[in-house]
Amino acid sequence: MPEYDALIVGAGFAGLYALHKLRMLGFSCRVLEAGTGVGGTWFWNRYPGARCDVESFSYSYSFSEAIEQEWTWSHRYAMQPEILAYANFVADKLDLRRDISFGTRVTAAGYDESRHGWRIATDTAGEFRAHYVIMATGCLSVPKVPDLPGLENFRGGILHTADWPREGCELAGKRVGIIGTGSSGVQAIPIIAREAGHLTVFQRTPNFSIPAWNGPLPEDQRKAMKAEYPALRSKARNSYAGDYADEYYLTIMAMTPEQREAAFELRWREGGFNYQYAFRDMMDDPQANELAADFVRRKIRAIVSDPITAEALCPKDHPIGSKRLCVDTGYYETFNRPNVTLVDVKADPITGFTASQLTTRDHSFALDTLVLATGFDAMTGALTAFDIRGRAGRRLKDTWQAGAGAYLGIAVAGFPNLFVITGPGSPSVLANVILAIEQHVEWLSELLLHARSHRITEIEAERKAQDDWMADVRASADRTLYPHANSWYLGANVPGKPRVFMPYVDGFKTYEAACEAIAADGYRGFHLLRETEEAA
Ligand code: FAD
Ligand code: NAP
């Protein structure tokens, strides 16, 4: 059976960097990836309109100056094919493919206490052994198909945004329906509307969306950004969101109504996430939040010509930012097109499907193709999708039954020598995820080097340290408006999933400082078993 120092599951940005980093440090490694190529999110999410919502000069690796300088981003927010090309460029440049098994899904992982190592089963490549397992399986990698009544009757095409056919899909002239108006739906809807004969958007909950104002980056701007990389990266590393935009420099409640209006307008015109991060009180103070939300609702009413449609698109049931903001290109404008209809399925619920129709309580809609933009079993889905058994054969799924948690979002008590990149309890999805990944991989590499040089055979999070960490994560979240929405951050989008606020809300910089302090304190909160102790 092949045996490695470390097996890495997943070849998205996390798995690729983990492989490079650990290989450079002399660990023998193999990556197991279910897909047939690198890129993870960007390999699977090929729907029309898919692109990043953190600017590309930020949403990219910072660890290699050569990569930064050789690669050139064409747009402020790159499209999916360009981000996938970037992942492939990195894999080639670092010669990563030779250590990746593609088309190989991990189906089980069990800890062997006598060997202090893991045994991994796969669907196509047999079994492996490894001292360490690194789960680089992604926070948003398990698409969720909702339980729609009678969907099996529908004979038209059914597509999920997160499992879009590689060869693309012909939607020209067709009657297309789309369910889901989160970030994926908001990006796909304007593009599908241009292609389709008719597009019907089935919306359950409207979301707040801020314009991206995306466009090609002029040559001089690209050159200037490349020249400024060290400063931009350092600013991102010292920020809340892991991005280089200026943040938290305005207080909504300290401004006069005129100043406030001008500030919202400016942030709207700048576009993107800084509509949220520019304001220090938006996620703490309900009144400040409501003012920011009201500004966006007024924009929606100004853009969308039909007042009933406009009102239906205005989010009113959650604070702005408590679900991830969408960043769009022409989303609200799309509802002024004559070939687009909005259906409020909260008011008029979906009741079933025939071979060619979706029916709601009051209407029926003839469709050729149904697009599901219905999201993911986020943060834990990839780790509970297969059997992971730790000490005494205990299953991770059972351990997380009352709510997922990991010490620092990296390690789970009872699962020695297993690490999660951007797991529950880390900033992950509330930050620029690529930077969050880099920080985890780098911190973990130091831990593994420490273990190697101190002849440590087993690394395990202590239960108390983990419980205390997750209690702090929850307490911090409870001081904000984040838990005031039925969001996937809480697991609220998956029926039966325990509701625990999973991401760390105190920001990237604070989190990194906490990780560094824990390392400096001899990896406080980890039980490190030395070979000598074991012999004794
Ligand atoms: P992934 O890219 O999800 O890769 C995980 C890999 O693990 C996948 O390839 C999967 O096939 C593999 N895998 C999982 N389970 C198994 C198994 N059992 N066996 C074998 N292989 C397995 N974040 C941002 O910060 N900014 C953005 O602009 C942004 N845009 C996004 C757009 C979309 C459409 C989506 C869905 C997410 C976006 N995200 C964004 C979040 C995004 O997921 C991360 O930025 C990042 O790409 C995650 O990388 P990863 O390597 O951790 O995980
Ligand atoms: P999502 O935010 O979870 O949105 C899913 C949508 O599907 C919601 O509108 C939801 O409505 C709807 N839905 C689910 N089940 C339904 C049902 N049974 N009936 C009707 N509607 C239903 O998922 P997502 O849009 O894929 O985005 C997930 C995350 O991925 C984002 O938050 C972001 O982090 C990342 N992402 C980023 C980008 C980007 O811009 N770069 C693009 C895509 C994804 P309810 O709200 O009512 O549940």
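## Notebook: two ligand sites and a few residues

**Ligand 1.** I began at Val-106, where I found a backbone N or O atom lying 2.9 Å from a nitrogen atom of ligand 1, a pair that I list as a polar contact (N or O atoms within 3.5 Å; within protein, one must be able to donate a hydrogen and the other to accept it, and residues adjacent in sequence count only if both atoms are side-chain atoms). The model is predicted, so I note that local features need pLDDT of at least 70 and side-chain atom pairs pLDDT 80 or more, while totals for chains, interfaces and linings use all residues. Residues are numbered from 1 along each chain as its sequence is written, chains are lettered from A and ligands numbered from 1 in the order in which they are written, and side-chain values use heavy atoms, without hydrogens and water.

I then looked up further polar contacts of ligand 1, and found one of its nitrogen atoms 3.1 Å from a polar backbone atom of Ala-34, and one of its oxygen atoms 2.6 Å from a side-chain N or O atom of Tyr-59. Ligand 1 on its own exposes 980 Å², of which the protein buries 95% (Shrake-Rupley areas with a 1.4 Å probe; for residues, only the protein chains shown count as cover).

Around ligand 1 I listed 34 residues, of which Glu-33, Thr-41, Asp-53, Tyr-59 and Val-433 come nearest (a residue is near if one of its heavy atoms lies within 4 Å). By class, 19 residues of this shell are nonpolar, 11 are polar and four are charged (nonpolar: Ala, Val, Leu, Ile, Met, Phe, Trp, Tyr, Cys and Pro; charged: Asp, Glu, Lys and Arg; polar: the others, Gly among them). Helices α1 (13-24), α2 (41-44) and α15 (433-453) each supply at least two residues of the shell, and α2 gives the most, with three (helices are DSSP runs of H or I with at least four residues, strands runs of E with at least two, numbered from the N terminus).

**Ligand 2.** Which residues come closest to ligand 2? I found Arg-51, Ser-184, Arg-204, Thr-205 and Arg-324, out of 24 that surround ligand 2. The shell divides into nine nonpolar, nine polar and six charged residues, and its largest share, three residues, comes from helix α5 (residues 183-195).

For the polar contacts of ligand 2, I noted oxygen atoms of the ligand 2.9 Å from a backbone N or O atom of Thr-181, 2.6 Å from a side-chain N or O atom of Ser-184, and 2.9 Å from a side-chain N or O atom of Arg-204. Ligand 2 has 910 Å² of accessible area on its own, and the protein covers 87% of that area.

**Helix α5.** I followed α5 along its length and found a kink of about 35° at Ile-189, shortly before the proline Pro-190 (the bend is the angle between axes fitted to the seven residues ending at a residue and the seven starting there). Ser-184, which contacts ligand 2, is among the buried residues of this helix, as are Ile-189 and Pro-190 (buried is under 20% relative accessible area, exposed over 50%, partly exposed in between; 1.4 Å probe, protein chains only).

Gln-187 of α5 is buried because its relative accessible area is 8%, and I placed a polar atom of its side chain 2.9 Å from the backbone oxygen of Arg-51. Arg-51 is itself one of the residues closest to ligand 2. Ile-192, also in α5, is buried at 0%.

**Cysteines.** How many disulfides does the whole structure hold? My search found zero (a disulfide is a pair of cysteine sulfur atoms within 2.5 Å). For Cys-139, the nearest cysteine sulfur is that of Cys-515, 15 Å away. Cys-139 counts as buried because its relative accessibility is 8%, and Cys-29 counts as buried at 5%.

**Positive phi.** I looked up two residues that have positive phi without being glycine: Trp-213, with phi near 50°, and Met-379, with about 70°. Trp-213 sits in the loop between β10 (209-211) and α6 (219-227), and Met-379 in the loop between β16 (369-372) and α13 (381-384). Is each buried or partly exposed? Trp-213 is partly exposed, at 47% relative accessible area, whereas Met-379 is buried, at 3%.

**Pro-483.** Last, I checked Pro-483 in the loop between α16 (463-478) and α17 (508-520), and it is partly exposed at 21%. Its C-alpha atom is separated by 6.7 Å from that of Phe-501, 18 residues apart along the chain.
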